[in-house]
Amino acid sequence: MTSIPSRRHTPTFGRRIAQGLILASVYVTSWLAPADARREVLTENDKARLRQIDRINLDVLALTETGPADHAGIASAVAARLKSVGYQVGQDPTQAQDAVLKVKCEEHKTWEGTARSGGDADAPGASSRLWRGPACQFSYRLEGLRSDWRYEVRAALLENPKAGGNAPAADSGAAALALLADRLTTDAFPFLLAAEWGQSARLLAVLDKPETDAAARAKIIGLLGGMFATDAMPALATSLQDQDIDVAKAAAVAIGTIGHEDGIPLLLDVFKNGRPELHQAAAQGLGRLAALHPQADIVPTLLDRLPSAPVPVQTEIVRALATTSDRRSFDPLQKLNRDIQAHHATDRSPEMQALKRALGTALDQVGNTHGADE
């Protein structure tokens, strides 16, 4: 009887190529703004039209279990928020307008199927097909321009304590709409619209207002990064020194996302001399800059700090080095990996597990990179 030789499960060239393509797609996708990754490509004329939007007409619909309801509270909340970002807002469709903002608020959101295009299920504020509670759905229309942008604001489900907490109250429709109106007074939808339309100047104006709270500032900074708004660099540099740590962290990541070379000295200074709680965000930002500016002093700085940094910072440094495919990183990464295997092999803490996964990816990425002289 002829024996059949066993198949050896060894890495093949094709497998390495596939791994490289997967990693590349992850890195490229992570640098794209959410809208850019999920929508049809707009022409330069389309983008120019969006940047010029100033007059918005509201088209508001409020629905309860008993039918259409008074939408005045919803419309007032939406209009006030849009005006706070500098838009002119009206509800008369016969008046001049640049865009129509459609807002549909329901006591119980009706079921909806998959979107006509895009794939926003994983985006913040994306419509949830599983949600059946109070919700407002936003979309906009421009004459002659198709828009796939959608956003959803949800409020908590209402319960009737007298009925054991399961049956809706008699005035549940009005109560649900009131809850939604209250949510709209603080929701980030005006900032998302300004970012969608490429209007960084409006976001910067709100960022500069003393009354803008820390949560809103952090949200705006993240959006400016996703827009690659180079005009925001001076404001982001200032935000690195913000007393609120979440705002400062958001600024560090946004500077890296924008990718401008002016961000390199800013983040290197934070990484070397800034508050320790900012080092992880600075490393994340530097990782995004390192791949774009390989001649900068980013990789040596990260390697110098790698052995002594706390585990969460080490993890971010390793991820940053993986984006560069710089061969200088290979030996230090190998050494760190050996040290971890020797002293932390049984450590199952989330922080150590994250570091081990990052090292595995980085060693595979850097180890399969060939220099120009090879």
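Visitor: At what angle do the axes of helix α12 and helix α14 cross, and how is that angle to be read?

Guide: In this predicted model, the axes of helix α12 (residues 279-290) and helix α14 (residues 311-324) come within 8 Å and cross at roughly 5 degrees. Angles under 35 degrees count as roughly parallel, and therefore α12 is described as roughly parallel to α14.

Visitor: Which residues of α12 and α14 meet?

Guide: On the α12 side they are H279, Q280, A283, Q284, G287 and A290, and these meet P312, V313, E316, I317, A320, T323 and T324 in α14.

Visitor: How is the packing of helix α4 and helix α6 to be read, and at what angle do they pack?

Guide: Helix α4 (residues 72-84) and helix α6 (residues 189-196) have axes 9 Å apart and pack at an angle of about 55 degrees. An angle that is neither under 35 degrees, nor over 145, nor from 65 to 115 counts as oblique, which means that α4 is oblique to α6. The crossing of these two helices, α4 and α6, is right-handed, and the contact is made by V78, R81 and L82 of α4 together with F189, P190, F191 and L193 of α6.

Visitor: Is α6 mostly covered or mostly open, and which of its residues are buried?

Guide: Helix α6 is mostly covered, since eight of its eight residues are buried. The buried residues are F189, P190, F191, L192, L193, A194, A195 and E196, and F189, P190, F191 and L193 also appear in the contact with α4. Just after α6, G198 takes a positive phi of about 70 degrees.

Visitor: Which residue has a positive phi although it is not a glycine?

Guide: The general idea is that most residues other than glycine have a negative phi. In this structure F228 has a positive phi of about 55 degrees, although it is not a glycine. F228 lies in the loop between α8 (214-226) and α9 (233-239), and F228 counts as partly exposed because its relative accessibility is 31%.

Visitor: How many salt bridges does a search of the whole structure find, and which part of the chain does the pair of D59 and K102 link to which?

Guide: The search of the whole structure finds twelve salt bridges. One of them joins the side chains of D59 and K102, at 3.0 Å from N to O. This pair links distant parts of the chain, with D59 in strand β1 (residues 55-64) and K102 in strand β4 (residues 99-106), 43 residues apart. As for the surroundings of the two partners, D59 counts as partly exposed at 35% relative accessibility, and K102 counts as partly exposed at 31%.

Visitor: With which residue does E152 form a salt bridge, and is E152 buried or exposed?

Guide: E152 forms a salt bridge with R154, and the closest N and O atoms are 2.7 Å apart. Buried means under 20% relative accessible area, so E152, with a relative accessible area of 4%, is buried, whereas R154 counts as partly exposed at 31% relative accessibility.

Visitor: How are R183 and D187 to be read in the same terms, starting with where their side chains meet?

Guide: The side chains of R183 and D187 meet in a salt bridge, at 3.5 Å from N to O. R183 counts as partly exposed at 31% relative accessibility, whereas D187 counts as buried at 7%. Elsewhere, salt bridges that share partners join K109, E152 and R154 into one network.

Visitor: Where is N368 placed, and how far apart are N368 and S325 in sequence and in space?

Guide: N368 has its place in the segment after α16 (350-367), and it is partly exposed, with a relative accessible area of 29%. N368 and S325 are 43 residues apart in sequence, while their C-alpha atoms are 8.5 Å apart in space.

Visitor: How many helices and strands does the chain have, and what share of its residues is buried?

Guide: The secondary structure of the chain comes to 16 helices and six strands, and buried residues make up 42% of its 374 residues. Among the contacts in the chain with a separation of 6 or more, 72% are accounted for by residues 24 or more positions apart. The chain exposes about 20300 Å², of which carbon and sulfur atoms supply 54%.

Technical notes: Residues numbered from 1 in each chain as written. Predicted model: local features only at pLDDT ≥ 70, side-chain atom pairs only at ≥ 80, totals over all residues. Heavy atoms only, no water. Salt bridge = Lys/Arg side-chain N within 4 Å of Asp/Glu carboxyl O. Helix = DSSP H or I, 4+ residues; strand = E, 2+ residues; numbered from the N terminus. Buried < 20%, exposed > 50% of the residue type's maximum accessible area, 1.4 Å probe, protein only. Contact = heavy atoms within 4.5 Å. Areas by Shrake-Rupley, 256 points an atom, 1.4 Å probe, with all protein chains shown as cover. Axes fitted to C-alpha atoms, helices over the stretch in contact; angles between N-to-C directions. Left-handed = near helix turned anticlockwise from the far one by under 90°.
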